[in-house]
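Work through the exercises below with the sequence and the structure at hand. Each task is followed by a solution in steps.

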Amino acid sequence: MRNILAEAAKAIGQFSNRAASFSAHTSRSFALIGITHLAGCDGKQSALEPAGRSAEKIAELFWWMAIGAGVIWVAMMGLALYATFVAPKIKSRSASPLIVVGGAVVPTVVLSFLLAYGLAMMPEMLAPAPEGSLKIAVIGEQWWWRVRYEPSNGDPVVLANEIRLPVDEPVEFQLESADVIHSFWIPSLGGKVDMIPGRQTRLKLEPTRIGVFRGACAEYCGSSHALMTFSVVVSSKKDFEAWLDQQREPAKSPMEPLALSGEKIFVTSGCGACHTVRGTAAKGVVGPDLTHVGGRMSLGAGTLPNDAENFVRWLTQTQTIKPDVHMPNFSMLSQYDLRALAAYLDSLE
Ligand code: CUA
C-alpha cells in the first residue's frame, strides 16, 4: 500500500513538473502572440489610437475594463500565492465569507459599474447626426465597397473603396449590403456596424484628426473577406470640398497615345458592361465605378498599391489576387492591350 502511494506521488510529481514546463512554454508563446498582435494596434487601424469622437469613448471604456481586469487578476494571483506559500497549513478556516465577497459581491459591483458606464455612453453614440450633416451611403459587396456621397448641395457622386471626410464634422453613414452580411468598421474613428441584406443600418462618426486610416469588413463574408478593406482620408473641410468637386467631374480623355488606345480597348473589350466611367459609353453598375480610379489609394479594395504595373497584375491575375471575386481574369488580352488598358486606367485621376 505504501509502495502504491509512493508511486502515485512520484507520478503526480512528474506530471506537475511537465505541466509547469508546458505552462511556462505556453505563457511564453502567448506573450509572443500578444506582442505580435499588439503591433497591429498602432497607426492607421487602431482602436487604441483614436481619431474620432466615438473611438475616443470606446478607447476610454477599453482602458477602464483593462484596468479593472488587471486589478482583479493581481488580487486573484495574490490570493493564490497566499494560499500556496504563506498559509497552506491553516487547519480550520471558513471559506464562505471569501466566496460570498469574492465570488458574488465584488463581481456584481464591478460588472454593474462597467455596465452602467457603457450604457451611459450609448445615447450619444447612437444619436443621429445633426440635420444637414454630410450623408454617405456605403454598400458592402463581395468583396468591395460601393460609396455614394449625397451632398445637400449638388448631385450624388459614386466611387469605390475610398472614403474622404472633413475633420471635426459629423457624418452619417447609411449602410446596406448587396449580397451577404458584411460589417463596416473604421477602428480609428469608431465602432462597427453590420450591413444586413434588405435593411439599412446607420452609423454616425466624427473624425477629430487629419490623417489616412484603414477600414475593414469585420464580419466573415466569404473567401476574400480578409481582402475587403478601404482607405479613409480625413482632411480639412477645404481640401475635402475640392476633392468632392473633382470627383463630381466626368473622366477626361487621356492625351498620351498609349492611354488613348487603352480607352478604345476598354470599350471594345466590354469593360463597360460592368464598370462605369462617367463621360464615356461605359455605364455598367455590376462592379466599381472607375471614373477616377487612377487617383485612389489602392486597387482591388486595399489589395494592391495603385499604379500602372499593378493594374496589369490585377487584370491578369484577378482570381489569384482576390479568390472568387466576380471579375474574371483578362489574361487573354495581348501584352500591348494590357499595358494600354493599364495606362488608361492609371490616367483616370
Ligand atoms: Cu465583407 Cu467580410
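The exercises that follow concern a predicted model.

**Exercise 1. The chain as a whole**

Task: State how many helices and strands the protein chain has, what share of its residues is buried, and what area the chain exposes.

Solution. Start with the secondary structure: there are eight helices and twelve strands in the protein chain. Next, take burial: of the 349 residues, 38% are buried. Then turn to the surface, where the chain exposes about 19900 Å² and carbon and sulfur atoms supply 65% of that area. Last, look at the contacts between residues at least 6 apart in sequence: 63% of these join residues at least 24 apart.

**Exercise 2. A nonpolar surface patch**

Task: Find which residues make the nonpolar surface patch of about 690 Å², and which helix gives the most to this patch.

Solution. First list the members: Ile72, Trp73, Val74, Met76, Met77, Leu79 and Leu98. Then assign them to an element: helix α2, residues 53–86, gives the most, with six residues. Now check one member. Leucine 79 is found in helix α2. Its relative accessible area is 40%. Patch residues need over 30% relative accessible area, and leucine 79, at 40%, is partly exposed.

**Exercise 3. A salt bridge between distant parts of the sequence**

Task: Work out which parts of the chain are tied together by the pair of arginine 53 and glutamate 206, and say whether each residue is buried or partly exposed.

Solution. Begin with the distance: the closest N and O atoms of arginine 53 and glutamate 206 are 3.5 Å apart, and the two residues form a salt bridge. Next, locate the partners. Arginine 53 lies in helix α2, while glutamate 206 lies in the loop between β8 (201–205) and β9 (211–217), so the bridge ties together parts that are 153 residues apart in sequence. Finally, compare each accessibility with the cut-off of 20%, under which a residue is buried. Arginine 53 has 37% relative accessibility and so counts as partly exposed. Glutamate 206 has 19% and so counts as buried. The structure holds nine salt bridges.

**Exercise 4. Salt bridges in helix α4**

Task: For the pairs lysine 237 with glutamate 241 and aspartate 245 with arginine 248, give the spacing along the helix.

Solution. Take lysine 237 and glutamate 241: both lie in helix α4 (residues 237–248), four residues apart, which is about one turn of the helix. Their closest N and O atoms are 3.4 Å apart in a salt bridge. Lysine 237 is partly exposed at 40%, and glutamate 241 is partly exposed at 39%. A network of salt bridges links these two residues with Glu169.

Now take aspartate 245 and arginine 248. They also lie in helix α4, three residues apart, again about one turn. Their side chains meet in a salt bridge at 2.7 Å, N to O. Aspartate 245 is partly exposed, with 42% relative accessible area, and arginine 248 is partly exposed, with 26%.

**Exercise 5. The surroundings of serine 183**

Task: Describe where serine 183 is found and which side chain its own side chain contacts.

Solution. Place the residue first: serine 183 is in strand β6, residues 182–185. Its relative accessible area is 0%, so serine 183 is buried. Its side chain makes a polar contact of 2.9 Å with the side chain of aspartate 194. Beyond its neighbours within four places in sequence, serine 183 is in contact with residues including Trp145, Lys192, Met195, Cys217 and Glu219.

Note on methods
Residues are numbered from 1 along each chain as its sequence is written. This is a predicted model: local features need pLDDT of at least 70, side-chain atom pairs count only at pLDDT 80 or more; totals for chains, interfaces and linings use all residues. Side-chain values use heavy atoms; hydrogens and water are left out. Helices (H or I, at least four residues) and strands (E, at least two) are DSSP runs, numbered from the N terminus. Buried means under 20% relative accessible area, exposed over 50%, partly exposed in between (1.4 Å probe, protein chains only). Contact means heavy atoms within 4.5 Å. Accessible areas come from the Shrake-Rupley method with a 1.4 Å probe; for residues, only the protein chains shown count as cover. Patches are made of residues with over 30% relative accessible area and no salt bridge: like charges are joined within 9 Å, nonpolar side chains (Val, Leu, Ile, Met, Phe, Trp, Tyr) within 5 Å. A salt bridge is a side-chain nitrogen of Lys or Arg within 4 Å of a carboxyl oxygen of Asp or Glu. A polar contact is a pair of N or O atoms within 3.5 Å; within protein, one must be able to donate a hydrogen and the other to accept it, and residues adjacent in sequence count only if both atoms are side-chain atoms.
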